[in-house]
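Good morning, and thank you for joining. I shall present one structure today, beginning with a definition and then moving from a single residue outward.

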Amino acid sequence: MFSGTIEIDKEKCDGCGECVEICPTQVYELKKGKAVSTNAQECIECCACVEVCPQNAITNSSCGGG
Ligand code: SF4
Ligand code: SF4
């Protein structure tokens, strides 16, 4: 079970939705044009979201630093 944390910098996020598309376990959804990690507990630590985000807005404690 995922025990880390996912943070999204709302200043950086432009709502492109790429994290929503790429996450294999549907962790993200868009609310009011910003990504939110509604289902963070489902994260399998693949780090695809961190890599895909064009704005570098996502920090996942299991995916190391930038
Ligand atoms: S990929 Fe990054 S910029 Fe795009 S919606 Fe997700 S967090 Fe926001
Ligand atoms: S690390 Fe992978 S499973 Fe976890 S939120 Fe990102 S894309 Fe989804």
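A residue is called buried if 20 or more other C-beta atoms lie within 10 Å of its own, exposed if 12 or fewer, and partly exposed in between, with the C-beta atoms placed from the backbone. Please keep in mind that this is a predicted model: local features need pLDDT of at least 70, side-chain atom pairs count only at pLDDT 80 or more, and totals for chains, interfaces and linings use all residues. Residues are numbered from 1 along each chain as its sequence is written, while chains are lettered from A and ligands numbered from 1 in the order in which they are written.

Let us start with Ala-35. Ala-35 counts as buried because it has 28 C-beta neighbours inside 10 Å. It belongs to strand β3, residues 34-36; helices (H or I, at least four residues) and strands (E, at least two) are DSSP runs, numbered from the N terminus. Leaving aside residues up to four places away in sequence, Ala-35 touches Ile-8, Cys-13, Gly-15, Cys-19, Val-20, Tyr-28 and Leu-30, where contact requires C-beta atoms, placed from the backbone, within 7 Å. Its C-alpha atom is separated by 9.3 Å from that of Ile-58, 23 residues apart along the chain.

Ala-35 also leads us to the ligands. Which residues come nearest to ligand 1? They are Cys-13, Cys-16, Cys-19, Ala-35 and Cys-53, out of 15 around that ligand; a residue is near a molecule if its C-beta atom, placed from the backbone, lies within 6 Å of it. This shell has ten nonpolar, three polar and two charged residues. Here Ala, Val, Leu, Ile, Met, Phe, Trp, Tyr, Cys and Pro count as nonpolar, Asp, Glu, Lys and Arg as charged, and the others, Gly among them, as polar. Ligand 2 is surrounded by 14 residues, the closest being Cys-23, Val-27, Cys-43, Cys-46 and Cys-49. Its shell has eleven nonpolar, two polar and one charged residues.

I turn now to the loops. Lys-32, in the loop between β2 (29-31) and β3, has a positive phi of about 50° although it is not a glycine. Lys-32 counts as exposed, because it has 7 C-beta neighbours inside 10 Å. Glu-45, in the loop between β3 and α2 (48-52), has a positive phi of about 65° and is likewise not a glycine. With 12 C-beta neighbours inside 10 Å, Glu-45 counts as exposed.

Finally, the whole protein. Its two helices and four strands run β-α-β-β-α-β from the N terminus on. Of its 66 residues, 23% count as buried.

Notes. Two residues are in contact if their C-beta atoms, placed from the backbone, lie within 7 Å.
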